[in-house]
Amino acid sequence: MRLTKLGHSCIRLEADGRTLVIDPGTFSEDTAADGADAVLITHEHPDHADPEKLRGLLGARDDVTVWTNPALAETLSRDFPGRVRAVSAGERFEAAGFDVHVHGSEHALIRDGVPIVSNVGFLIDGLFHPGDAFTVPDEPVETLLLPVNAPWAKLNETLTQLSEIKPRRVHPIHDALLTDYGWAVYGGHTQQVSGDVGTDYERLKPGDTIDL
């Protein structure tokens, strides 16, 4: 399975000629979803879901399916019935040939007064994308895509998630708001905790590709 880090929280997975894209939002490249056979969306916030991009993709190709939480699925499926499917925690499905397990149900708290929206995390052939949540799956995780910076994330909570999951490897995501100075701080702490729990740490920049 080949992984390409795109902007912010967007990831492209490729295997056997199939392409799966996760969270192609407004902070990721305009071409992030190009060529996707299937798209997974963790939640509705614009840095994870760009309705214009998704409608363009679904309108251009009738063989693409989107999986997301029930609230966002209801909105998108009005224009594309049967092409946008709602999934919830505990479900398992196949998307573009990838085996996907769903974990989690709610976005982490941003602040008092801001409604908590639905958020589903996806465990894909051992790789976990939690969206915007501190979900810890009840099954092994080989590769963790760890959100490192957000209005809803305190560093200690982020690193607690890492230490509880104890993946074989970790790659930071959700990083568009970080400057180089910020990366030195967040990356340093994440690398230290990774070493403490026996996890291989590697930062991927947008466009970087690795084979898992």
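The dialogue below walks through the fold, the cores, the cavity and some single residues of a predicted model.

Biologist: Before I look at details, how many helices and strands should I expect to find in the protein chain?

Modeller: This is a predicted model, and its protein chain has four helices and 14 strands. Along its principal axes the C-alpha trace spans about 45 × 45 × 35 Å.

Biologist: What does the radius of gyration of the protein chain say when it is set against that of a compact globule?

Modeller: The idea is to compare the chain with what its length would lead one to expect: for 212 residues a compact globule would have a radius of gyration near 17 Å, and the protein chain, with 16 Å, agrees with this. Two further values can be read beside it, for 54% of the 212 residues count as buried, and, among contacts with a separation of 6 or more, 54% are between residues 24 or more positions apart.

Biologist: Which residues have the most contacts inside the largest nonpolar core?

Modeller: A nonpolar core is a set of buried nonpolar residues joined through their side-chain atoms. Here the largest such core has 24 residues, and those with the most contacts inside it are Leu 13, Leu 40, Phe 93, Phe 122 and Ile 124. At least two residues of this core come from each of the strands E2 (11-15), E3 (18-22), E4 (38-41), E7 (92-95), E8 (98-103) and E9 (121-124). Apart from it lies another core, of 19 residues, which includes Val 21, Ala 32, Ile 41 and Leu 72.

Biologist: If I take Leu 40 as an example, which residues does it touch?

Modeller: Leaving aside residues up to four places away in sequence, Leu 40 touches Leu 20, Val 21, Ile 22, Asp 23, Pro 24, Trp 67, Phe 93, Ala 95, Val 100, Phe 122 and Ile 124.

Biologist: Asp 23 is in that list; is this residue buried or exposed?

Modeller: Residues under 20% relative accessible area are called buried, so Asp 23, at 0% relative accessibility, counts as buried. Asp 23 is found in the loop between E3 and E4, and, although it is not a glycine, it has a positive phi of about 55 degrees.

Biologist: Where is Lys 166 placed, and what is its phi?

Modeller: Lys 166 is in the loop between helix H3 (155-165) and strand E12 (169-173), and its phi is near 50 degrees, again a positive value in a residue other than glycine. Lys 166 has 52% relative accessibility and therefore counts as exposed, whereas Asp 23 is buried.

Biologist: Which residues line the largest cavity?

Modeller: A cavity is a space where a probe fits but cannot get out. The structure holds one cavity of 30 Å³ or more, and about 30 Å³ of space lies in the largest cavity. Its lining consists of His 45, His 107, Ala 108, Leu 109, Ile 110, Val 114, Pro 115, Ile 116 and Val 117; by class, seven of these are nonpolar, two are polar and none is charged.

Biologist: How should I read separation along the chain against separation in space, and where do Asp 138 and Gly 187 lie?

Modeller: The two kinds of separation are best given side by side. Asp 138, in the loop between strand E10 (127-129) and strand E11 (143-147), is exposed, with a relative accessible area of 72%; its C-alpha atom is separated by 25 Å from that of Leu 72, 66 residues apart along the chain. Gly 187 lies in helix H4 (residues 180-197) and counts as buried at 6% relative accessibility, and its C-alpha atom is separated by 9.2 Å from that of Tyr 201, 14 residues apart along the chain.

How values were computed
Residues numbered from 1 in each chain as written. Predicted model: local features only at pLDDT ≥ 70, side-chain atom pairs only at ≥ 80, totals over all residues. Heavy atoms only, no water. 1 Å grid on protein atoms, 1.4 Å probe; cavity = no way out; pocket = protein on both sides within 12 Å on 5 of 7 lines; lining within 4 Å. Points joined across faces, edges and corners; volume = space filled by probe spheres on them. Nonpolar A, V, L, I, M, F, W, Y, C, P; charged D, E, K, R; others polar. Core = buried A, V, L, I, M, F, W, Y, C linked by side-chain atoms within 4.5 Å. Buried < 20%, exposed > 50% of the residue type's maximum accessible area, 1.4 Å probe, protein only. Contact = heavy atoms within 4.5 Å. Rg over C-alpha atoms; globule rule 2.2 N^0.38 Å.
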